[in-house]
Amino acid sequence: GQSVEAGDPVWIGSSWQQMQLDEEPQTEQLPDYYALVPDEHKLYQAPFGRRMMAAVVDAGLIMGLVFGAIYLIASNVDSLPGKRVFEVCAVLGVLGFAALYEWFFLTYAKTTPGMRYAQLSLCTFDEQMPTREQVNGRLKAMLISVLPVGLGMLWSLFDEDQMSWHDRLSKTYLRLS
């Protein structure tokens, strides 16, 4: 024979092949997860990144409208107002243009340019297209969501379903088109 040196692998046999396993105990039948019906109450909301993409595109268009209006006003007046008055008017102008923008596009097109770009559409919790009354309810709920320094919008970062106040209040949300 051969001599075995220290550090060489040693074959210890195949005693594990003679092992016998006990019979598996009979317990209650586990559910077949593939046969389960999907949760009918689950809302398939668009991913957060897509919703932010739509918001950025819409915000860019709204700011373009605001800057265009400021340019038109500034080029047609003899003297500009003071700094404080200008700041208040600018904030009111942004909020006003944003409200008009959302109202116009959601009422007449059911989608904003940002939503269209991000391939999103508005949907009710019942997976239906929202009626004009539901869209108006969403617009009113958006005011509630935006006016306290945007807290209703920020709420979506902490909500388990990533929904903002206006999503929950109006029972509408954005989904992939």
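**Salt bridges, ring pairs and burial in a predicted model**

The side chains of Arg138 and Asp167 are joined by a salt bridge, with 2.9 Å from N to O. This pair connects distant parts of the chain, since Arg138 belongs to helix α4 and Asp167 to helix α6 (residues 165-170), 29 residues apart. The structure in which this pair is found is a predicted model, and the values reported here were computed from it. Both partners of the salt bridge fall in the buried class: Arg138 has a relative accessible area of 5%, and Asp167 likewise counts as buried at 5% relative accessibility, because buried means under 20% relative accessible area.

Asp167, which is found in helix α6, has further partners besides the arginine. Its side chain reaches the backbone nitrogen of Ser164 at 3.1 Å. When residues up to four places away in sequence are not counted, Asp167 touches Gln45, Phe125, Arg138, Thr172 and Tyr173. Two of the residues in this list, Phe125 and Tyr173, appear again below as an aromatic pair.

The setting for these interactions is a chain with 6 helices and 2 strands, arranged along the sequence in the pattern α-α-α-β-α-α-α-β. Of the 177 residues in the chain, 24% are buried, and the chain exposes about 13,800 Å², of which 63% is supplied by carbon and sulfur atoms. Among the contacts in the chain with a separation of 6 or more, 68% are accounted for by residues 24 or more positions apart.

The salt bridge between Arg138 and Asp167 is one of 4 salt bridges counted in the model. Another is formed by Glu127 and Arg175, whose closest N and O atoms are 2.9 Å apart. Glu127 lies in the loop between β1 and α4 while Arg175 lies in strand β2, so this pair ties together parts that are 48 residues apart in sequence. In contrast to the buried Arg138 and Asp167, the partners here are partly exposed, with a relative accessibility of 34% for Glu127 and 21% for Arg175. A further salt bridge, with 2.7 Å from N to O, brings together the side chains of Asp159 and Arg168. In this case the two partners fall into separate classes, for Asp159 is buried with a relative accessible area of 11%, whereas Arg168 counts as partly exposed at 35%.

Aromatic rings form a second group of interactions, and a search of the whole structure finds 5 aromatic pairs. In one of them, Phe104 and Tyr108 are tilted with respect to each other, with 5.5 Å from centre to centre and 50° between the planes. Both residues lie in helix α2 (residues 83-108), and they are 4 residues apart, about one turn of the helix. Phe104 is partly exposed at 43% relative accessibility, while Tyr108, with a relative accessible area of 51%, is exposed, because the exposed class covers values over 50%. Phe104 and Tyr108 also belong to a cluster in which ring pairs link Tyr101, Trp103, Phe104, Phe105 and Tyr108.

A pair outside that helix is made by Phe125 and Tyr173, whose ring centres are 6.0 Å apart and whose planes meet at 55°, so that this pair is tilted as well. Phe125 is placed in the loop between β1 (120-124) and α4 (132-146), and Tyr173 in strand β2 (residues 172-176), so the pair ties together parts that are 48 residues apart in sequence. The two rings differ in their surroundings, as Phe125 is partly exposed at 26% relative accessibility, whereas Tyr173 is buried with a relative accessible area of 0%. The loop between β1 and α4 and strand β2 are thus connected by this ring pair and also by the salt bridge between Glu127 and Arg175.

Finally, the cysteines were considered. A disulfide is a covalent bond between the sulfur atoms of two cysteines. The count of disulfides in the model comes to 0. Cys89 is partly exposed, with a relative accessible area of 47%, whereas Cys123 is buried, with a relative accessible area of 0%.

How values were computed. Residues are numbered from 1 along each chain as its sequence is written. This is a predicted model: local features need pLDDT of at least 70, side-chain atom pairs count only at pLDDT 80 or more; totals for chains, interfaces and linings use all residues. Side-chain values use heavy atoms; hydrogens and water are left out. Buried means under 20% relative accessible area, exposed over 50%, partly exposed in between (1.4 Å probe, protein chains only). Contact means heavy atoms within 4.5 Å. Accessible areas come from the Shrake-Rupley method with a 1.4 Å probe; for residues, only the protein chains shown count as cover. Rings of Phe, Tyr and Trp (its six-membered ring) pair if their centres lie within 6.5 Å; planes under 30 degrees apart count as stacked, over 60 as edge-to-face and the rest as tilted. A disulfide is a pair of cysteine sulfur atoms within 2.5 Å. A polar contact is a pair of N or O atoms within 3.5 Å; within protein, one must be able to donate a hydrogen and the other to accept it, and residues adjacent in sequence count only if both atoms are side-chain atoms.
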